[in-house]
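Reader: I would like a close look at a single part of this model, followed by some account of its wider setting. Please take it step by step.

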Amino acid sequence: MVSESVMVTGCSRGLGLEMVRQLVKSASPPRLVIATCRNPEKATELRDLAQDHNCLKILKFDVVDYKSLPRLVEEVQGLLGASGLNLLINNAAIMDTCPTQMFGVPLEQLEQQLFSRVMETNTTAPLMLTKAMLPLLRQAAKGCEGCLSVQRAAVINVSTNASSMGRFTFNPDIYGYRASKAALNMLTKALAMEYGKEGILFVAIHPGWVRTDMGTSAAPLNVEESISDVLKTLSNLTEDHSGLLISNTGDIIPW
Ligand SMILES: NC(=O)c1ccc[n+]([C@@H]2O[C@H](COP(=O)([O-])OP(=O)(O)OC[C@H]3O[C@@H](n4cnc5c(N)ncnc54)[C@H](OP(=O)(O)O)[C@@H]3O)[C@@H](O)[C@H]2O)c1
């Protein structure tokens with residue numbers, strides 16, 4: 001089992017949906033999988049999964065709707081009961097794109113509002129959700145002695161190799177996406193230093209280049225391959241990975 005309780009954001013489609021699918025269909029599924037999305041009424045595949053799997057609960061949550069956080073925490077607490085939250089996966093994200101190229105927006109065409117929206121969704125929102133869920137993560141960390149792991153208490157920030165300055169090889173003009181995920185990596189490191197001592201593991205993960213709406217049909221990996229690797233890698237994380245950016249197969253990616 002990856003963890004007793006898992007919460008994933010952005011589960012209407014793409015990698016978030018596949019994470020939920022593989023978690024609930026695994027041989028030993030979590031006791032509780034909380035899948036959030038901003039429009040549950042439109043997330044038909046997710047709702048179909050929930051019909052077949054009692055451990056899956058869907059909560060409506062737009063990650064930039066900070067006013068809804070107290071209600072969300074209450075709902076999550078209600079589902080968890082006395083135990084804390086073992087694993088939070090900050091997956092929801094957006095990319096700055098335009099019709100003239102596959103990824104990114106040339107600076108001459110980049111509007112401030114788009115850049116700010118990408119920074120907010122990909123950096124501010126996961127930080128604010130982590131802040132809101134901290135008491136529940138602490139509760140899980142306290143309830144289980146031992147090393148850092150996703151079985152105990154962890155926050156996984158879904159990042160990208162496009163955030164890496166050490167491995168910068170393609171498409172420089174995805175400015176918002178690159179900057180927001182590099183900032184997310186920094187938060188992962190800072191939170192790991194601050195809360196690792198309380199038993200909470202923080203890791204950033206690159207899922208590979210994957211065929212989703214964001215990854216496009218040009219990507220080499222399908223969602224099944226990516227998420228199968230990601231979940232295997234998550235299960236094996238230890239304190240050695242605390243504050244790092246790693247790939248779907250567990251390799252360390254330079255900052
Ligand atoms: N695909 C790749 O090749 C690739 C590579 C590296 C990293 N990643 C990362 O992997 C994660 C998932 O990407 P993906 O490829 O699955 O992307 P995707 O297919 O575009 O799906 C994005 C998901 O995020 C949700 N989302 C966006 N803004 C949201 C908001 N404000 N509140 C709640 N949910 C929101 C979307 O919900 P709606 O349906 O409501 O829009 C959707 O469920 C992202 O963090 C991405 O940066 C992907």
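Is Ser164 buried or exposed, and why does it count as such?

Author: The model is a predicted one, and within it Ser164 has a relative accessibility of 1%; because buried means under 20% relative accessible area, Ser164 counts as buried. Ser164 is found in the loop that runs between β5 (154-158) and α5, and its side chain has polar partners in the backbone of two other residues. A polar atom of the Ser164 side chain lies 2.6 Å from the backbone oxygen of Pro254, while a polar atom of that side chain is 3.3 Å from the backbone nitrogen of Gly166.

The helix that follows this loop leads on to the ligand, since α5 (175-195), like α1 (14-25), supplies at least two residues of the shell around the ligand. That shell has 28 residues, of which Ser12, Arg38, Asn91, Tyr177 and Thr212 come nearest, and by class it is made up of 12 nonpolar, 11 polar and five charged residues.

Among the polar contacts of the ligand, a polar side-chain atom of Arg38 lies 2.8 Å from a ligand oxygen atom, and an N or O atom in the side chain of Arg13 is likewise 2.8 Å from an oxygen atom of the ligand. With Leu15 it is a polar backbone atom that lies 2.8 Å from an oxygen atom of the ligand. The ligand on its own has 900 Å² of accessible area, and the protein covers 93% of this; the space that the ligand takes is the largest pocket.

Notes: Residues numbered from 1 in each chain as written. Predicted model: local features only at pLDDT ≥ 70, side-chain atom pairs only at ≥ 80, totals over all residues. Heavy atoms only, no water. Near = heavy atom within 4 Å. Polar contact = N/O pair within 3.5 Å; in protein donor to acceptor, adjacent residues only side chain to side chain. Areas by Shrake-Rupley, 256 points an atom, 1.4 Å probe, with all protein chains shown as cover. 1 Å grid on protein atoms, 1.4 Å probe; cavity = no way out; pocket = protein on both sides within 12 Å on 5 of 7 lines; lining within 4 Å. Sits in = over half its atoms within 2 Å of the grid points. Helix = DSSP H or I, 4+ residues; strand = E, 2+ residues; numbered from the N terminus. Nonpolar A, V, L, I, M, F, W, Y, C, P; charged D, E, K, R; others polar. Buried < 20%, exposed > 50% of the residue type's maximum accessible area, 1.4 Å probe, protein only.
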